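Me: I have a structure open and I'd like to go through it with you. Can we start with the charged residues and then move on to other topics?

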Amino acid sequence: MAAPTIVLLGPPASGKGTQGRLLADTLKLPYFSTGRQLRRELKARSAIGREAEPYLEVGRYVPDELVLSLLMSWLEKHKGGWVLDGFPRTVPQSEDFDRFLGSRRQNLRAILLEAPADELERRVSDRRECTMCSWTGTRTQARRSGGRCPSCGGELGQRDDDELENFRQRRKEFEELTLPVASYYEQSDRLLRVCGTGRPEEVFSRLQSHLS
Ligand code: ADP
């Protein structure tokens with residue numbers, strides 16, 4: 001059987017990054033976060049980063065063509081199955097991706113991580129991430145490691161877009177544009193709904209039991 005493709009859907013701070021990396025490690029699949037890559041492009045002031053900037057600043061989704069070109073250049077370098085965090089996020093992106101996958105679309109599983117809004121708001125003010133690698137954690141973990149990434153030693157910080165107003169706009173975008181993506185996958189029986197509350201390990205074992 002061809003390698004599976006896992007796409008992670010969920011509101012901001014629902015744990016897509018944490019669960020995505022755990023899944024990628026377990027299934028030995030390459031992992032990609034479109035949001036993180038966009039923030040890197042922005043930091044590097046690349047053409048894509050500059051184009052994405054006005055959207056990221058206000059918590060809106062970037063145009064489909066932009067994210068597709070970013071993803072396609074990554075997919076070309078990584079053959080086989082993938083764990084995708086934050087893609088697809090709109091119905092046109094899902095349709096494009098299915099066309100790209102062809103018959104491999106049968107091996108796609110979409111995971112929708114669900115958690116209540118107040119829990120997500122609490123998490124977002126608490127989360128820290130590495131500026132160098134894909135590590136994500138909490139304020140307490142960052143303090144314990146002296147502000148350095150436990151995985152690569154890079155500097156830890158808070159995401160620029162994690163202030164409340166931006167976060168609420170991203171949540172609105174999720175409800176309007178990404179919940180229809182969940183329905184799209186549900187129609188073809190490829191959606192798994194997973195409760196995203198609790199410790200990361202608890203969510204992960206829930207997720208694994210849904211996948212098996
Ligand atoms: P979160 O899920 O917390 O919003 P991400 O890091 O996944 O964080 O995404 C950050 C931002 O990157 C999104 O709010 C959006 O502007 C942009 N983005 C990421 N992936 C996509 C996508 N597939 N389509 C459009 N915009 C995207």
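Me: Let's begin with Arg60. Is Arg60 buried or partly exposed?
Reply: In this predicted model, Arg60 has a relative accessible area of 42% and is therefore partly exposed, since the partly exposed class runs between the buried limit of 20% and the exposed limit of 50%.

Me: Which residue does Arg60 meet in a salt bridge?
Reply: The side chain of Arg60 meets that of Glu173, with 3.3 Å from N to O.

Me: Where do those two sit in the chain, and what does the pair tie together?
Reply: Arg60 lies in the loop between helix H3 (47–58) and helix H4 (64–77), while Glu173 belongs to helix H8 (residues 164–187), so the salt bridge ties together parts that are 113 residues apart in sequence.

Me: And Glu173, buried or exposed?
Reply: Glu173 counts as buried, because its relative accessibility is 4% and the buried class takes in values under 20%.

Me: How many salt bridges does the structure hold?
Reply: There are 20 salt bridges in the structure. One of them joins Arg45 and Glu53, whose closest N and O atoms are 3.1 Å apart. Arg45 is partly exposed at 42% relative accessibility, and Glu53 is also in the partly exposed class, at 22%.

Me: What about Arg139, which residue does its side chain meet?
Reply: The side chain of Arg139 forms a salt bridge with that of Asp126, at 3.4 Å from N to O. This pair links distant parts of the chain, with Arg139 in helix H7 (residues 139–144) and Asp126 in helix H6 (residues 117–126), 13 residues apart. As for accessibility, Arg139 is partly exposed with a relative accessible area of 39%, whereas Asp126 is buried with 19%.

Me: Which residues are joined into one network by salt bridges that share partners?
Reply: That network is made up of Arg127, Arg159, Asp161, Asp162 and Arg170.

Me: New topic, the ligand. How many residues surround the ligand, and which are the closest?
Reply: The ligand is surrounded by 20 residues, and the closest are Lys16, Thr34, Arg39, Arg60 and Arg170, so two names from our salt bridges come back here, namely Arg60 and Arg170.

Me: How do those surrounding residues divide by type?
Reply: The shell around the ligand divides into 8 nonpolar, 4 polar and 8 charged residues. Helix H2 (residues 34–44) gives the most to this shell, with 5 residues.

Me: Which atoms lie close to the nitrogen and oxygen atoms of the ligand?
Reply: From the backbone, an N or O atom of Val62 lies 3.1 Å from a nitrogen atom of the ligand. From the side chains, a polar atom of Arg89 is 2.9 Å from an oxygen atom of the ligand, and an N or O atom of Gln93 is 2.9 Å from a nitrogen atom of the ligand.

Me: How much of the ligand's accessible area does the protein cover?
Reply: On its own the ligand has 540 Å² of accessible area, and the protein covers 98% of that.

Me: Last topic, cysteines. How many disulfides are there?
Reply: The count comes to 0 disulfides.

Me: Why is there no bond at Cys133?
Reply: The closest cysteine sulfur to that of Cys133 is in Cys149, and at 3.7 Å it is too far for a bond, because a disulfide needs the two sulfur atoms to be within 2.5 Å.

Me: Are Cys133 and Cys195 buried or partly exposed?
Reply: Cys133 counts as buried at 18% relative accessibility, whereas Cys195 is partly exposed with a relative accessible area of 36%.

How values were computed: Residues are numbered from 1 along each chain as its sequence is written. This is a predicted model: local features need pLDDT of at least 70, side-chain atom pairs count only at pLDDT 80 or more; totals for chains, interfaces and linings use all residues. Side-chain values use heavy atoms; hydrogens and water are left out. A residue is near a molecule or strand if one of its heavy atoms lies within 4 Å of it. A polar contact is a pair of N or O atoms within 3.5 Å; within protein, one must be able to donate a hydrogen and the other to accept it, and residues adjacent in sequence count only if both atoms are side-chain atoms. Accessible areas come from the Shrake-Rupley method with a 1.4 Å probe; for residues, only the protein chains shown count as cover. Helices (H or I, at least four residues) and strands (E, at least two) are DSSP runs, numbered from the N terminus. Ala, Val, Leu, Ile, Met, Phe, Trp, Tyr, Cys and Pro count as nonpolar, Asp, Glu, Lys and Arg as charged, and the others, Gly among them, as polar. A salt bridge is a side-chain nitrogen of Lys or Arg within 4 Å of a carboxyl oxygen of Asp or Glu. Buried means under 20% relative accessible area, exposed over 50%, partly exposed in between (1.4 Å probe, protein chains only).
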